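Please open the model in your viewer and keep the sequence panel beside it. The tour below moves from one selection to the next and says what is to be found at each stop.

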Amino acid sequence: YRSKLAGLCGNFDGEQTNEYEGPREEIYKSPKEFCLSYMVPSEQCKAEGRKQPVMRNIMITRLNDRNEEQACFSKTPVAQCPEGSKKVKSEVRSMEFHCLLKELQSTQKMMELHKTKPLGDKLQGKSTDLVQ
């Protein structure tokens, strides 16, 4: 069964670096966020008024040294409050970002896509252009 498993128990490939692989093949560094990536919203939570966190990449914009506008995406998705909910607690931590020229059509597509799901497969193996 080596490398044929998936989910919360890992993929059994013997590699520690990708032990926390999410459902969309995104790699998490935090076991908490890894577990949250597999959470399935339930009707019971809706009925009780609870909202589940969503896993999304953070996007920031910046000007590079050539004065070109870039969109930078966190290489790892993080748990975020769903729309319409109130943030109760937050934490500050260092994140690695991969930056792309904002004017490119492929970047525009990623900017739209990041609003709906984690970008794990799109950022896997990409360079770190910014740490913030």
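Two strands are taken to pair here if DSSP finds at least two bridges between them. By that rule, strand 5 and strand 6 (residues 130–131) pair in the antiparallel sense, and the count of bridges between them is two. Please bear in mind throughout that this is a predicted model.

**The edge at strand 6**

Begin by selecting strand 6 together with strand 5, which covers residues 96–101. Two positions let you follow the pairing by eye: glutamate 96 stands opposite valine 131 in strand 6, and phenylalanine 97 has leucine 130 as its bridge partner in that strand. As general background for this view, strands of a sheet pair through backbone hydrogen bonds, either parallel or antiparallel.

**Across to strand 3**

Next, add residues 69–74, which make up strand 3. Strand 3 and strand 5 are joined in the antiparallel sense by five bridges. Within this pairing, look for serine 74 opposite phenylalanine 97, and then for phenylalanine 73, whose bridge partner in strand 5 is histidine 98. If you colour strand 3 by accessibility, you should find it mostly covered, since five of its six residues are buried.

One of the residues of strand 3 that deserves its own selection is glutamine 70. Is glutamine 70 buried or exposed? Its relative accessibility is 10%, and because buried means under 20%, glutamine 70 counts as buried. Leaving aside neighbours within four places in sequence, glutamine 70 is in contact with Ile60, Thr61, Arg62 and Asn64, and also with Cys99, Leu100, Leu101 and Lys102.

**The disulfide between strands 3 and 5**

Now show the cysteine side chains. The structure holds one disulfide, formed by cysteine 72 and cysteine 99, whose sulfur atoms lie 2.1 Å apart. Cysteine 72 belongs to strand 3 and cysteine 99 to strand 5, so the pair ties together parts that are 27 residues apart in sequence. The torsion about the S-S bond is about 110°, and the disulfide is therefore right-handed. Both of these cysteines are buried, whereas cysteine 35, at 43% relative accessibility, counts as partly exposed.

**The hairpin and the other edge**

Move on to strand 2, residues 59–63, which runs antiparallel to strand 3 and is joined to strand 3 by five bridges. Leucine 63 can be picked out opposite glutamate 69. The hairpin of strand 2 and strand 3 has five residues between the strands, and asparagine 67 in this hairpin takes a positive phi near 65°.

**The whole sheet and helix 3**

With these selections shown together, you have an open sheet of four strands in the order 2-3-5-6, with antiparallel pairing. Strand 2 and strand 6 stand at the edges, and each has a single partner strand, so one side of each is left without a neighbour in the sheet. Add residues 105–113 to see helix 3, which packs on the sheet and touches strand 2, strand 3 and strand 5. The direction of helix 3 makes about 45° with that of strand 3.

**The aromatic cluster**

For the last stop, leave the sheet and show the rings of Tyr20, Phe34 and Tyr38, which form one aromatic cluster. How many aromatic pairs are there? With ring centres required to lie within 6.5 Å, the count comes to two. Tyrosine 20 and phenylalanine 34 form a tilted pair, with 5.2 Å from centre to centre and 40° between the planes. This pair links distant parts of the chain, 14 residues apart, as tyrosine 20 lies in the segment before helix 1 (31–37) and phenylalanine 34 lies in helix 1. Phenylalanine 34 also pairs with tyrosine 38, this time edge-to-face, at 5.6 Å centre to centre and with 80° between the planes.

Finally, colour these rings by accessibility. Phenylalanine 34 counts as buried at 3% relative accessibility, while tyrosine 20 is partly exposed at a relative accessible area of 30% and tyrosine 38 is partly exposed at 24%.

Methods. Residues numbered from 1 in each chain as written. Predicted model: local features only at pLDDT ≥ 70, side-chain atom pairs only at ≥ 80, totals over all residues. Heavy atoms only, no water. Buried < 20%, exposed > 50% of the residue type's maximum accessible area, 1.4 Å probe, protein only. Phe/Tyr/Trp six-rings, centres within 6.5 Å; stacked < 30°, edge-to-face > 60°. Contact = heavy atoms within 4.5 Å. Axes fitted to C-alpha atoms, helices over the stretch in contact; angles between N-to-C directions. Disulfide = S-S within 2.5 Å.
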